Structure formats: C-alpha cells, structure tokens
Amino acid sequence: MELASLEPDAPSRVRGSSRIDLGKGALWTHRLRGGPLLLSCTAGSVWITREGEPDDVVLEAGSSYGGEGRGLLVVEALEPAQIAVAAEGAGRTARAAVRAALERARGSWLVLLSLAAVYLIWGSTYFAVAIALEALPPFLLAGVRFVLAGAVLYGALRLRGAPRPTPRQWGAAARVGVLLLVFGNGFVVVAQQWVGSGVAAVVVSTMPLWVALFTTASGARGRRAGEAKAAAPEVSRGEWIGLLVGFAGAALLHLGGDLHAEHAGALLILLAPVSWALGSVYSRSLPLPDGPMAVAAEMLTAGAVMLGISALLGEQLAAAPSPRSLLALAYLAVFGSIVALSAYTFLFRNTRPAIATSYAYVNPIVAIALGILLGGERASAATWAAAVIIGAGVILVSRARPSR
C-alpha cells in the first residue's frame, strides 16, 4: 500500500506549508498533537477520516479542512490528488476553523437536499412515466426526455463558461450514459407498458445490493492486482445489514402488495438495476467531465442512442400526445433528469455508495403513495409494514461506519 506521511519522529508540530501529491488510493497520515493544522485539497478529491470524529469528510479541489486537538488524521485520495498542509497561527487557525465548519455545513445541506431530490422526485417519476406512456412509445419517450434535458443543461453550463467536454470525456460519458440511461432507465420505461409503477419501483429497489456486490468485487480484484485500494470503498458490515433489511422490506412490499407482471417484456426490468449499479460503480474510474457537465453529456449521448433505437424499432405516435402526457414528459425532463440526476451524481461522488443508492428503498413508498392519492389505489397492511422495514434499512445504512 502506498503511504505518505508528514508525521514527525519527535513530538514536534508541522511547521510552514507542505504540498503532497497522492496517487489514486494513496494514504497520507498525520497525528495531531494539540496544535492547529489546515489541510487544503488543491487538485482531485480526497476522503478525510479523523480519529474521534463520527463523520468522514470529502474534499474537492479548492476546499479546505481545519483541525486541531489530538488524534490520528487519515487522508485517502479518491483520484490522483494534491493536498497542501500548513500549521497556522492562532488568528489564522480560528478563521480556518470557521471556514472548515462552513464548508462542512454547506456540504451537509447539499447532501440532504440531494437526498430529498432523489427520494421524492425519482419516486414520482414512475407515475409520470405511466402517464407519458399513454401517448408516447417507450424509447421515443425516453430519447426525447434525455435529449431535451441534456441540451438545456449543456446550454446553460456553456453560457456560464463551462468548458466543452473533450473527445475522451464524451466517450466516457457515452459509456456511462448507455449503462445508466439506455439500459438502466430505458428498460424500466419499456417494462412499464405491462407492469404498474409500484412493481417497477420494487424491482429497481434491488439496485443498492448490486452496487454493494460490484463494489466488493472491484475491491477484491484490486487487492489481487496489488493495488493500494479499490476504485470505491469497501462495503462495511453495518452497511450490508442495512442493505439486506431494506431489500427485505422491498420484497415484502412486492409479495404483500400482490404486484405481478403479466408480459414477458416485463422481464427486462430485472436487468435495469444491474445495469444502473454497474454504470454507477464504473463511472468512478472514468475521465468524465467536471460537475454537472458530466450529467449533460451522459443525457445527450444516451438520448441520441435511444432515438436511434426508436427509429430502428419503427416506433410511431398513434395519435397526437395529450396535454397530460406532454406535462408528464416535461416533468421527467426537468425534474426527473436535470435536477434528480445531478443530485444523484453529486451524492455518488461525495458520499458512500450505500448512502447514494438508498433512494431505491424510498422510491417504492413514494410510488405507492402517489397511486393512493392520484390513482385511487389502496394500501394493504403489508404495504405499511414494508414502509417501516424500508425506513429502518435506510437508517441503518446512513448510520453505518464505512469499512477502511
């Protein structure tokens, strides 16, 4: 394992400023001995764990972390990164601590808002897809949705000065877009021609387990190859327990809610969570564009592929789309694609995979609730029991400590 350290042999403190280059998966450690320390990420992204602190911190380029007191500080590079470490005076330490506290608070609020977006918005998209399918064939619906959303987001980012993706970045975005959107989302839309929004949400709720399996397999392969760390953190025992509890609740929702598929084409939905999980884990190792531009590029490339599939299948409109279907399409493009997909991308790059994918356990509850409120459906006792179990699984996942 590659290990970098500035920890002195004698109990003296770090003085001045030092810059450390870290390869992907490399660790830098330092034991705080009461004095202040300011750590800044100048390139890439790093994961910070501090002895005695309940929560880990992810720093992107340009953000800082201030620490003082005692305990071991461990920094792991999530990608090739550079950090600057400096010992501060009393006045500068106070300012650094305030900046670090504000940065952590801002990050916490962004995580909470992003979780709310993927929980609520993606839970409602199953109902919106069912409405849009009343007038639009599946691949045409999905292709128009993502091309429209990707073009709007791409144009807005370019107006704000974001650079164009390079050819290499376009290629990476296309690969992730095909896995996430063409297979992951497209198969769900196709299957919803024959299954209800509830069963679709239930089947997709298996996705976090596939992420955990792919993450564990990636870590084992990296260790066999002699790498310092895998591309993603290992899944801890507590996270596994939470994932299995959540899946048990989703299974109860499926069985107790008497949700059944009646067409062979519905079997495609079984592949959707597998493809989405594979694309999510795979995206960590690809040279994607920075920030929301990655989402825009993925939607544009995947949307173009979907329109091509629609043309090959000969999909046509049976009649002019109703205002109801067009409103559902607009909701899917703006909220289901631009807002929620951007939130998911932020979560998967800044939190543990189990946290980022926990939405899959909440979405079925939102889908069933909308069916009750807007579709006149009824919820059985098993449905409410599943809601409690799923909530417990999400809590267990969110409180579990990551495996080091």
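Helix α2 supplies the largest share of the nonpolar surface patch, namely 3 residues. The patch as a whole covers about 290 Å² and is made by V144, L148, V152 and L307. The model in which this patch appears is a predicted one.

One member of the patch, L148, has its place in helix α2. L148 counts as partly exposed because its relative accessibility is 43%, and that class lies between the 20% limit for buried and the 50% limit for exposed residues.

The helix itself runs over residues 138-159 and contains 22 residues. From its first C-alpha to its last, α2 reaches 32 Å, close to the 32 Å expected at 1.5 Å a residue. Besides its patch residues, α2 has buried ones, including F139, L141, F146, L153, Y154 and L157. R145 also belongs to the buried residues of α2, as do G143, A149 and G150. After the helix comes G161, with a positive phi near 100°.

From the surface, the description turns to enclosed space. Rolling a probe the size of a water molecule over the atoms shows where empty space is left. The count here comes to 5 cavities of 30 Å³ or more, and the largest cavity has a volume of about 290 Å³. Its lining comprises 21 residues, with W122, T125, Y126, N185 and W276 lying nearest the centre.

Helix α2 takes part in this lining as well: α1 (90-132), α2, α3 (167-191), α7 (272-283), α9 (323-350) and α11 (359-375) each supply at least two residues. The most is given by α3, with 5 residues. Helix α2 thus contributes both to the nonpolar patch and to the lining of the largest cavity.

How values were computed
Residues numbered from 1 in each chain as written. Predicted model: local features only at pLDDT ≥ 70, side-chain atom pairs only at ≥ 80, totals over all residues. Heavy atoms only, no water. Helix = DSSP H or I, 4+ residues; strand = E, 2+ residues; numbered from the N terminus. Expected span 1.5 Å × (residues − 1). Buried < 20%, exposed > 50% of the residue type's maximum accessible area, 1.4 Å probe, protein only. Patch = residues over 30% accessible without salt bridge, like charges linked within 9 Å, V, L, I, M, F, W, Y side chains within 5 Å. Areas by Shrake-Rupley, 256 points an atom, 1.4 Å probe, with all protein chains shown as cover. Salt bridge = Lys/Arg side-chain N within 4 Å of Asp/Glu carboxyl O. 1 Å grid on protein atoms, 1.4 Å probe; cavity = no way out; pocket = protein on both sides within 12 Å on 5 of 7 lines; lining within 4 Å. Points joined across faces, edges and corners; volume = space filled by probe spheres on them.
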